[in-house]
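Me: I have just opened this structure and would like a guided look at it. Could you take my questions one at a time?

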Amino acid sequence: MDLTVAGDRTELAKALEALAGGHGEGRTGGRTEGRGAGRVALVPTMGALHEGHRSLIRLAHEHADHVVVSVFVNPLQFAPGEDFSRYPRTFEADLAACAEENVSVVFAPAAGDLYLPDRQVGVSSGHMGTIVEGAHRPGHFDGMLTVVLKLFNLVRPDVAVFGQKDAQQLALIRRMVADLDVPVSVVAGPTLREPDGLALSSRNRYLSPEDRTTALALSRALQEGARCGTPKEILRAARAVLDRAVQDRAVQDRAVPDGATRARPPLVLDYLVLADPATFAEVGDDHRGEAVLAVAARVGTTRLIDNVVVRLPD
């Protein structure tokens with residue numbers, strides 16, 4: 001089947017009806033029952049697709065007969081002063097990638113098609129949305145959940161696929177699905193990394209070569225922490241790597257005369273936490289089982305996040 005591009009909800013409805021074999025009622029109630037064409041998976045994205053997104057699309061194919069990819073830079077999840085206006089937009093390349101990955105439908109609406117001008121009701125992310133990443137980006141998770149729920153309602157997929165790299169986002173989507181009885185299965189895809197360890201991200205294209213050198217401290221910190229056996233040891237080892245990156249910068253600054261160009265940008269840490277993967281509450285030293293070691297930092301003008309899942313022995 002050729003790739004169909006839907007630019008608004010009307011075109012999306014027609015594309016989904018075509019997947020159902022021309023039977024519009026196949027989407028009523030939203031799932032496989034009554035639909036002749038099989039299961040549908042949704043992969044929500046903000047575009048600027050890279051190999052990490054492609055891996056999510058391939059994972060979606062393992063769970064469904066048809067894959068729908070949404071491409072929408074959601075204004076609700078950007079605060080004033082964040083990078084909404086400069087977020088990478090590479091729509092033609094995104095379409096080519098989706099075609100290569102045998103996507104059935106790309107849904108690429110304008111903001112005016114998703115949100116009413118006087119929009120008043122959205123999704124609250126609750127306490128979970130105000131901690132860790134949410135403490136540094138107030139309102140971000142409310143906006144994210146609002147658009148995800150709208151996409152679920154419009155596409156009505158059987159399966160939705162998200163990346164583990166956005167671990168708190170993933171936890172919140174799972175909680176929303178459970179709390180609001182959304183009839184969709186949420187599947188997580190693993191974080192993909194560059195050969196040097198940097199997690200794939202659409203924002204990596206902002207990084208200069210010097211930025212990238214500094215940014216590698218994030219993945220190195222996670223790797224060091226993951227080798228340890230207790231929460232206290234994990235955080236201590238990871239922070240030591242980040243502290244060394246900051247100290248290396250300070251030493252370099254002292255060695256460069258005032259007014260001269262400095263070769264490496266600063267690493268400004270937002271947080272380093274070991275959190276429960278379901279609630280994102282920070283875990284105590286008696287925690288056992290899985291935990292998420294998560295980090296966020298600014299490198300130059302670019303903010304990056306990363307995480308690894310660790311298992312603490314019983």
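Reply: The turns below go through the sheets, two helices that pack on them, an annotated residue and one further helix. Please keep in mind that this is a predicted model.

Me: Let's start with the sheet of six strands. What is the strand order, and is the pairing parallel or antiparallel?

Reply: This open sheet has the order 1-4-3-2-5-6, and its pairing is parallel. Strand 1 (4–6) and strand 6 (185–189) stand at the edges; each has a single partner strand, so one side of each is left without a neighbour in the sheet. From one strand to the next, the twist averages 25°.

Me: How many bridges link strand 5 and strand 6?

Reply: Strand 5, residues 159–163, pairs with strand 6 over five bridges in the parallel sense. Within that pairing, Ala160 has Val186 of strand 6 as its bridge partner.

Me: Which strands does helix 1 touch?

Reply: Helix 1 (residues 9–19) packs on this sheet and touches strand 1, strand 2 (40–45), strand 3 (66–71) and strand 4 (105–107). The direction of helix 1 makes about 160° with that of strand 4.

Me: Now the sheet of three strands. What is the order there?

Reply: The order is 7-8-9, in an open sheet with antiparallel pairing. At its edges stand strand 7 (267–275) and strand 9 (302–312), each with a single partner strand, so one side of each is left without a neighbour in the sheet. On average, neighbouring strands here are turned by 15° against each other, direction ignored.

Me: What holds paired strands together in general?

Reply: Strands of a sheet pair through backbone hydrogen bonds, either parallel or antiparallel.

Me: Back to strand 8. How many bridges does strand 8 form with strand 7, and how many with strand 9?

Reply: Strand 8 (residues 289–299) pairs with strand 7 over eight bridges, and eleven bridges join strand 8 to strand 9. On the strand 7 side, Val268 is partnered with Arg298 and Leu272 with Val295. On the other side, Val292 stands opposite Val309 in strand 9.

Me: Why is strand 8 described as largely enclosed?

Reply: Nine of the eleven residues of strand 8 are buried, so the rest of the structure largely encloses this strand.

Me: And what about the hairpin of strand 8 and strand 9: which residue takes a positive phi?

Reply: Gly300 does, with a phi near 65°; the hairpin has two residues between the strands.

Me: Changing topic: what does the record say about Gln77?

Reply: An unreviewed UniProt entry carries the annotation "binding site" for Gln77. The residue lies in the loop between strand 3 and helix 3 (91–100).

Me: Is Gln77 buried or exposed?

Reply: Gln77 is buried: its relative accessible area is 9%, and the cut-off for buried is under 20%. Leaving aside neighbours within four places in sequence, its contacts include Met46, Glu82, Arg137 and His140.

Me: You mentioned helix 3. Which of its residues are buried?

Reply: They are Asp94, Leu95, Ala97 and Cys98. Seen down the axis of helix 3, these buried residues fall within an arc of 160°, so they line one face of the helix. They pack against strand 1, helix 2 (51–63), strand 3 and strand 4.

Me: What is on the face turned away from the buried side?

Reply: That face of helix 3 carries the exposed residues Glu92 and Glu100. After helix 3 comes Asn102, with a positive phi near 60°.

How values were computed:
Residues numbered from 1 in each chain as written. Predicted model: local features only at pLDDT ≥ 70, side-chain atom pairs only at ≥ 80, totals over all residues. Heavy atoms only, no water. Pairing = 2+ DSSP bridges. Helix = DSSP H or I, 4+ residues; strand = E, 2+ residues; numbered from the N terminus. Axes fitted to C-alpha atoms, helices over the stretch in contact; angles between N-to-C directions. Contact = heavy atoms within 4.5 Å. UniProt positions renumbered as here; feature names shortened; annotations may be inferred. Buried < 20%, exposed > 50% of the residue type's maximum accessible area, 1.4 Å probe, protein only. Arc of directions from axis to C-beta.
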